[in-house]
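Please load the model in a viewer and keep the sequence panel open beside it. The tour below moves from the whole chain to single residues, and each stop names a selection and then says what is there.

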Amino acid sequence: MGKNKRWVQIAIFAVVIVIGALTLFNNLYATDKKPVEGSKAPDFTLTGLDGKQHNLFDYKGKAVMVNFWGTFCPPCKNEMPAIQHQYDKMNKDTTAILGLNLGESKITVQSFMDQYKINFPILLDDNEETRKRYGVMQYPTTFFISPDGKIAKIKIGEMDEAYIEQTLASISTSGK
């Protein structure tokens, strides 16, 4: 019995090693190319806290800021008031801001939104497929998409209000 138990342990260990190696290989050498500045922004359709479906393609013709964030991320929390202030004063006919939450529960996200008085559209990336498609590994990461649907700027890390305003203004006038 003891000899068979040892072989079972070795077999389980080997399976774990193989799965780990395949996962590592897949993450390092995935065929999906991470979008870069100047490339077309990958389309997505996600459900918002408002219960509606939001599709990136629906915003074509507008400058769009797509911010990947989580309630667990201090820099994400720090930049939220700046994003909200820009949302309040922007021209919504030419510009859009979308916050993509990274896999947290709707209750957690709604509680955060209520606490920080945030009312720009927040989309729930429940299975993090959009995060993966965009190659986001650090939070916050923000993609500024020009009206023609191309990525104009990628910002990793916390943004201040001046940066958001200047970047949105620069892509609103370009790419038309």
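Helices (H or I, at least four residues) and strands (E, at least two) are DSSP runs, numbered from the N terminus. This is a predicted model, in which local features need pLDDT of at least 70 and side-chain atom pairs count only at pLDDT 80 or more, whereas totals for chains, interfaces and linings use all residues. Residues are numbered from 1 along each chain as its sequence is written, and side-chain values use heavy atoms, with hydrogens and water left out.

**The whole chain**

Begin with a cartoon of the entire protein, which has 5 helices and 7 strands; from the N terminus on, these elements run α-β-β-β-α-β-α-β-α-β-β-α. The radius of gyration is 20 Å, well over the 16 Å that the globule rule gives for 176 residues, so the protein is more spread out than a compact globule. Here the radius is taken over C-alpha atoms, and the rule is 2.2 Å times the number of residues to the power 0.38. If you reduce the display to the C-alpha trace, its spans along the principal axes are about 75 × 35 × 30 Å.

Switch next to a surface view, where the accessible area of the protein comes to about 10300 Å², with 57% of it belonging to carbon and sulfur atoms; such areas come from the Shrake-Rupley method with a 1.4 Å probe, and for residues only the protein chains shown count as cover. Of the 176 residues, 40% count as buried, a term that means under 20% relative accessible area, while exposed means over 50% and partly exposed lies in between (1.4 Å probe, protein chains only). With contact meaning heavy atoms within 4.5 Å, residues 24 or more positions apart account for 68% of the contacts with a separation of 6 or more.

**The nonpolar cores**

Now select Met65, Trp69, Ile97, Met113 and Phe120, the residues with the most contacts inside the largest nonpolar core, which has 24 residues. A nonpolar core is a set of buried Ala, Val, Leu, Ile, Met, Phe, Trp, Tyr and Cys residues joined through side-chain atoms within 4.5 Å. Two or more residues of this core come from each of strand S3 (63–69), helix H2 (74–89), helix H3 (106–116), strand S5 (122–124) and helix H5 (161–173), and the largest share, 5 residues, comes from H2. Apart from this core lies another, of 18 residues, among them Val66, Phe68, Ala96 and Val136. In soluble globular proteins, nonpolar side chains tend to be buried together.

Which residues does isoleucine 97 touch, not counting those up to four places away in sequence? Centre the view on isoleucine 97 and you will find Met65, Ile83, Gln86, Tyr87, Met90, Phe120, Pro121 and Leu168.

**From H2 to S4**

Move to the loop between H2 and strand S4 (95–101), where lysine 92 has its place. Lysine 92 counts as partly exposed at 34% relative accessibility, and, leaving aside its neighbours within four places in sequence, it is in contact with Lys62 and Tyr87. Threonine 94 belongs to the loop between H2 and S4 as well and is partly exposed, with a relative accessible area of 26%. Draw a distance from its C-alpha atom to that of alanine 63, 31 residues apart along the chain, and the separation is 6.3 Å.

**Backbone details in three loops**

Select lysine 117 in the loop between H3 and S5; its phi is near 55°, a positive value in a residue other than glycine, and the residue is exposed, with a relative accessible area of 68%. Glutamate 128, in the loop between S5 and H4, has a positive phi of about 60° although it is not a glycine, and at 23% relative accessibility it counts as partly exposed. Then go to proline 140, in the loop between helix H4 (129–134) and strand S6 (141–145), where a cis peptide bond joins tyrosine 139 and proline 140, with omega at about -10°.

**A last stop in S2**

Finish at asparagine 55, which lies in strand S2 (residues 53–55). Is asparagine 55 buried or exposed? At 17% relative accessibility, asparagine 55 counts as buried. Leaving aside neighbours within four places in sequence, asparagine 55 is in contact with Asp43, Phe44 and Thr45, and its C-alpha atom is separated by 7.1 Å from that of aspartate 43, 12 residues apart along the chain.
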